[in-house]
There are 2 protein chains.
Amino acid sequence: MGTVSKALSLLTYFNHGRTGIGLSDLTRLSGMNKATVYRMMSELQVAGFVEQTDGDRMYRLGPQVLRLAALREAAVPILSVSRRVLRDLSDETGETTHLSLLQGSQLNSLSHAYSPRHATKVMMEDAEVLTFHGTSSGMAVLAYADPGFVDAALAQPLQAHTSETLTDPQEIRAQLADVRSAGMAQSIGGFEADVHSHAVPVFGPDRQVIGALAVAAPVSRMTPEQTHGIPAALRRAGAALTHRIGGSAPADYPQDSAA
Amino acid sequence: MGTVSKALSLLTYFNHGRTGIGLSDLTRLSGMNKATVYRMMSELQVAGFVEQTDGDRMYRLGPQVLRLAALREAAVPILSVSRRVLRDLSDETGETTHLSLLQGSQLNSLSHAYSPRHATKVMMEDAEVLTFHGTSSGMAVLAYADPGFVDAALAQPLQAHTSETLTDPQEIRAQLADVRSAGMAQSIGGFEADVHSHAVPVFGPDRQVIGALAVAAPVSRMTPEQTHGIPAALRRAGAALTHRIGGSAPADYPQDSAA
DNA sequence: TGCCGATGGTTCATTATCCGAACCCTTGGT
DNA sequence: ACCAAGGGTTCGGATAATGAACCATCGGCA
């Protein structure tokens with residue numbers, strides 16, 4: 001691995017639970033030498049990718065990432081496009097919706113929308129890592145990912161979020177086949193108990209899956225009517241999002257015949 | 001310069017006018033060897049910081065920056081960043097400073113700092129609504145807001161806080177032109193008699209104005225020295241704040257020539 | 001058709017750069 | 001006064017970055 005990759009990998013240790021990391025912690029987390037980490041963080045700091053707080057000397061992400069994100073949006077307005085789609089889908093279903101995108105080998109939640117219809121709702125946080133095996137979004141992505149990618153994802157230790165989480169690679173592969181034939185993944189209590197979520201894949205211009213669009217509802221609210229209406233609305237929204245970002249579904253994706 | 005810095009410097013060539021750059025262009029822009037640029041971009045690509053389009057092989061910023069930006073937002077609410085800027089500016093000028101941010105269609109004061117240098121000082125309260133026409137902060141924001149936003153703001157009844165407050169939309173628009181050419185707004189007794197305040201706009205990552213940074217001093221203390229020193233310090237502080245929150249000024253904003 | 005220039009991508013010997021064990025300095029707890 | 005832990009620094013040896021030259025492909029263009 002090159003020096004640049006190592007330096008950038010340091011940034012992956014930041015998340016919602018760890019917005020600031022000290023030099024020693026970062027050394028332990030990365031397994032690299034302290035001097036190495038220090039030099040890399042110094043370079044990242046000069047570039048504005050991280051900054052150090054004044055009191056404790058914790059590192060945190062710097063302002064430069066905001067600039068880059070704004071430029072990325074200017075070039076590929078996935079987030080701004082998705083916001084409308086998410087809003088409409090939340091309005092239509094009355095439930096929480098969210099978009100997650102593949103970033104390298106991990107799936108990150110990046111945008112969400114709530115519906116004001118009900119007092120109780122599923123809460124979401126942006127920039128969180130989603131597991132492939134334990135979420136409907138993850139399964140929707142895996143179902144349309146390269147075989148090699150699936151192998152790599154399932155080769156890692158599969159943690160059970162709840163008692164409902166599937167962790168046996170064989171069972172997961174069997175379910176992926178179901179997802180492919182339905183064009184949609186579904187998870188009842190697989191990530192958090194009491195949450196029933198549906199997800200459809202989102203495709204890029206090269207017909208590769210780039211992420212997933214999902215609806216998450218409390219199990220208690222999944223009436224027969226919702227059980228029918230949510231998948232229908234989600235399918236439409238997914239197709240719309242894929243289309244609006246210039247993507248197209250692969251030939252074997254079950255197309256909405258009414259489209 | 002280290003390898004990491006060089007690699008990251010490649011990202012600086014992306015801007016609103018150049019959202020996609022080819023390998024040869026990037027080589028010319030950076031002055032580095034083509035093989036070097038290629039290797040670095042490959043590493044950045046694996047990390048998700050850039051991606052290559054399928055047709056032409058232009059590089060553009062990748063989805064990973066979105067994740068980092070979301071985390072930065074979560075980690076650094078703009079207020080905590082502004083507190084240091086306000087403190088430094090108060091120390092430097094010896095006067096009261098405050099930050100106001102656009103929230104929807106109204107401007108709210110959100111943070112302030114006092115200087116211990118003088119016994120008399122302008123007092124501030126956080127979370128107060130500032131009028132656009134009657135405060136230097138409001139004028140600084142309006143001067144860089146969308147035309148439609150300005151129209152809406154001036155269409156409302158314009159109350160006079162003091163006898164000095166401008167309330168004629170025509171006169172206000174004329175003054176906004178002055179603010180634009182100076183890059184700074186100024187109000188002598190416009191909100192409260194006896195208060196002379198200066199304000200500069202603060203910009204977000206999308207070059208939109210998001211608020212204003214201001215210095216408020218008693219009229220009696222505005223010596224010729226202060227009349228020169230406060231605007232200079234304020235300009236610097238405004239640029240620093242805009243930068244530290246990842247923002248950038250629009251092209252037509254009068255830049256500090258000594259920067 | 002073959003030539004031309006421009007582009008993206010690759011190779012490999014040289015050497016600049018990075019690495020890491022060990023060290024220093026400061027802080028906070030006891 | 002001591003200790004442990006954190007941030008930061010040093011310097012010779014190991015490694016990874018470098019760049020001139022090369023290949024492959026593409027799109028004009030006579």
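This is a tour of two protein chains and two DNA strands, stop by stop.

**Before you start.** The model is predicted; local features need pLDDT of at least 70, side-chain atom pairs count only at pLDDT 80 or more, and totals for chains, interfaces and linings use all residues. Residues are numbered from 1 along each chain as its sequence is written, while chains are lettered from A and ligands numbered from 1 in the order in which they are written.

**Stop 1: DNA strand C.** Select the 18 residues around DNA strand C. A residue counts as near when its C-beta atom, placed from the backbone, lies within 6 Å of the strand. A:A35, B:G2, B:G22, B:L23 and B:S24 come nearest. Now colour by element: helices are DSSP runs of H or I with at least four residues, strands are runs of E with at least two, and both are numbered from the N terminus. Chain A gives two or more residues from each of α1 (3–9) and α3 (34–46); chain B does so from α1 (3–10), α2 (23–30) and α3 (34–46). The largest share, four residues, comes from α3(A). By class, expect six nonpolar, seven polar and five charged residues. Here Ala, Val, Leu, Ile, Met, Phe, Trp, Tyr, Cys and Pro are nonpolar, Asp, Glu, Lys and Arg are charged, and the others, Gly among them, are polar.

**Stop 2: DNA strand D.** Select the 18 residues around DNA strand D. A:G2, A:T3, A:G22, A:L23 and A:S24 come nearest. At least two residues each come from α1, α2 (23–30) and α3 of chain A, and from α1 and α3 of chain B. α3(B) gives the most, with four residues. The classes are six nonpolar, seven polar and five charged.

**Stop 3: chain A against chain B.** Select the interface: 42 residues of chain A are in contact with 42 of chain B (C-beta atoms, placed from the backbone, within 7 Å). Stay on the chain A side. Two or more residues come from each of α1, α3, β2 (59–61), α4 (64–75), β3 (96–103) and β4 (106–113). α4(A) has the largest share, eleven residues. This side divides into 25 nonpolar, eleven polar and six charged residues.

**Stop 4: a helix pair in chain B.** Select α2(B) and α3(B). Their crossing is right-handed. B:L23, B:L26, B:T27 and B:S30 of α2(B) meet B:K34, B:V37 and B:Y38 of α3(B). That contact has four nonpolar, two polar and one charged residues.

Definitions and conventions: Left-handed = near helix turned anticlockwise from the far one by under 90°.
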